[in-house]
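The exercises below each set a task and then work through it step by step. Please keep the sequence and the model at hand while reading.

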Amino acid sequence: MAFEVHLALWLLLTRAPTTPGEEWDTSLWPPSRLQEAITEYAFPQSASREKRHGRRTDAAVVVHGGRVVYEKYWEPYTAQKRHHLWSVSKSVAALVTGCAEDSGLIHRTDIVDSTGLQLQHLLQWSSGKKWSETYEYNPVTSSVIAMLYTNGSSNMGRFFFSLPQEFAPGTHYRYSSGDSNAISYWLSQKMPAEKYDRYPWEKLFAPLQMSSVVWERDREKTWISSSYLYMTARDLARIGLLVSRNGKWKDKQIISSRWLDWSKRVSPAYKPKPLSTNLHPTAQWWVNFDPQSPHIDPAIQGAPTDLIAAQGHWGQSLIVVPSRDLVVVRFADDRDNSFDLGKWIRTIIDAAEFYEQMSQSDPSSSRH
Amino acid sequence: MNKCLKAILLLLGISISIFIAVNWKSLKFFPWVLPSYYAKEFCTCRYVLENDNEFCHQLVRQYIPIQTIIIDDSRRHVEVKALWHYRGAQWISPTEGCQLEELKN
């Protein structure tokens with residue numbers, strides 16, 4: 001079919017922003033150079049399961065105005081299959097923590113041990129505990145590997161709290177999976193076991209109608225927030241849409257805008273590295289820019305200033321641009337540094353802008 | 001061997017010994033990293049992500065090969081032997097996924 005026919009059909013289907021029910025509304029962008037550029041970047045022809053080189057995307061889903069506008073998978077992955085989230089888990093877990101604060105079960109100023117360490121220090125990755133966050137390329141003295149796989153694996157909270165204090169709490173930023181798991185350990189101490197076990201589903205996954213979620217625990221039944229959430233790309237997109245909509249889902253406030261606003265504040269102890277294009281850390285999320293810390297330049301030039309993201313090992317990412325009501329999920333198995341998040345964001349936003357303009361300039365569309 | 005080479009080797013030997021002594025707490029667990037990682041991630045790949053064995057081996061493999069793996073689909077349990085150490089992982093429930101068993105000496 002001609003591009004114009006595709007476009008006319010697509011425009012007819014595109015209405016005011018929506019929120020998914022049990023299933024997502026799908027309104028795929030008609031093929032164009034810009035839409036194809038997304039596929040070319042995410043799914044290069046040369047990608048191989050046997051060879052661990054280059055960009056290896058398992059799933060890419062783009063949601064615009066609450067509808068799925070782009071969706072592609074690499075076999076054996078499909079829309080129905082769960083994937084690793086790795087550290088994207090940290091950001092989702094922080095939403096559950098936010099629900100707990102909204103309910104009054106905990107507060108970010110809670111003191112969690114005898115050193116004066118507060119929950120917010122854990123959330124902002126500045127516990128000051130002695131920690132080494134290295135992965136498979138440097139496993140020997142890695143704290144995260146010991147926590148997940150060897151001497152910490154049965155009781156990750158106890159492993160964390162037994163570590164020596166290297167810096168005073170809150171004074172030194174250091175990305176740590178230990179800090180993230182200590183948060184879920186703290187939550188486990190604040191409610192009965194049966195309530196804790198159901199809590200993320202009751203507060204977040206069920207209201208958002210996310211049916212694929214698996215959350216692994218240690219032998220103490222503490223959720224392993226740092227690394228072990230699993231779900232479909234479409235379910236993760238629901239989390240992104242919630243953040244895009246400032247915590248509101250249909251007519252219900254699932255998580256307070258107060259918590260979400262705080263999730264966009266750069267970690268106070270963080271100092272950006274010169275020439276780095278890494279997003280800036282907040283309370284378990286990553287942002288391009290924080291208007292309340294204007295001295296810290298945007299991390300990625302040309303990317304929206306209100307961009308907020310969750311990032312995980314081997315290329316997992318959830319990107320949210322609230323000003324455009326845009327959500328991008330990527331599941332991957334990148335084993336090198338070929339993937340450039342800035343380029344990914346720009347490629348998608350170029351396409352989103354194009355289709356937005358098409359939609360706005362068409363008189364038959366009821367949008368805007 | 002000349003004096004210079006002897007001195008370098010001695011220095012290297014001392015440095016390694018210091019490194020081992022200082023990091024003994026983490027190093028003594030090092031042989032368990034591979035069987036634990038393999039068992040846990042294979043279990044998850046198979047029973048949580050619902051992929052086949054071939055795909056999971058490909059996903060989970062590291063530079064050092066494992067020695068044996070026992071995959072028990074009937075009770076959703078995986079046991080791996082690598083670097084002469086064993087570790088098991090057990091699938092618990094549809095929402096809890098896989099979990100490493102206690103580390104055994």
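**Exercise 1.** How many salt bridges does the rule count over all chains?

*Solution.* The model is a predicted one, in which local features need pLDDT of at least 70 and side-chain atom pairs count only at pLDDT 80 or more, while totals for chains, interfaces and linings use all residues. Residues are numbered from 1 along each chain as its sequence is written, chains are lettered from A and ligands numbered from 1 in the order in which they are written, and side-chain values use heavy atoms, with hydrogens and water left out. A salt bridge is taken to be a side-chain nitrogen of Lys or Arg within 4 Å of a carboxyl oxygen of Asp or Glu. By this rule, the count over all chains is 25 salt bridges.

**Exercise 2.** Locate the partners of the salt bridge between Asp325(A) and Arg245(A), and say what the pair ties together.

*Solution.* The closest N and O atoms of Asp325(A) and Arg245(A) are 2.7 Å apart. Asp325(A) belongs to the loop between strands S12 (316–321) and S13 (326–332) of chain A, and Arg245(A) to the loop between helix H9 (233–244) and strand S7 (248–249) of chain A, so the pair ties together parts that are 80 residues apart in sequence. Helices (H or I, at least four residues) and strands (E, at least two) are DSSP runs, numbered from the N terminus. Asp325(A) has a relative accessible area of 12%, and it is therefore buried, since buried means under 20%, exposed over 50% and partly exposed in between (1.4 Å probe, protein chains only).

**Exercise 3.** Decide whether Arg46(B) and Asp73(B), which meet in a salt bridge, are buried or exposed to some degree.

*Solution.* The N to O distance of this salt bridge is 2.9 Å. Arg46(B) lies in helix H3 of chain B, and Asp73(B) lies in the loop between strands S1 (68–72) and S2 (77–82) of chain B, 27 residues apart. Arg46(B), at 19% relative accessibility, counts as buried, whereas Asp73(B), at 39%, counts as partly exposed.

**Exercise 4.** Describe the sheet of chain B and the helix that packs on it.

*Solution.* Four strands, in the order S1-S2-S3-S4, make up an open sheet in chain B with antiparallel pairing, where two strands pair if DSSP finds at least two bridges between them. S1 and strand S4 (97–100) of chain B stand at the edges with a single partner strand each, so one side of each has no neighbour in the sheet. Within the sheet, S2(B) and strand S3 (residues 85–93) of chain B are joined by six bridges, and Val80(B) stands opposite Arg87(B) in S3(B). H3(B) packs on the sheet and touches S1, S2, S3 and S4 of chain B, contact meaning heavy atoms within 4.5 Å.

**Exercise 5.** Which residues and elements form the contact between chain B and chain A?

*Solution.* Chain B gives 35 residues to the contact and chain A gives 36 residues. Across this interface the rule finds three salt bridges, and one of the salt bridges between the chains joins Lys40(B) and Glu216(A) at 2.7 Å, N to O. Both Glu216(A) and Lys40(B) are buried. The elements giving two or more residues to the side of chain B that touches chain A are helix H2 (24–27), H3, helix H4 (53–60), S3 and S4 of chain B. The largest share of that side, nine residues, comes from H3(B).

Terms used. Axes fitted to C-alpha atoms, helices over the stretch in contact; angles between N-to-C directions.
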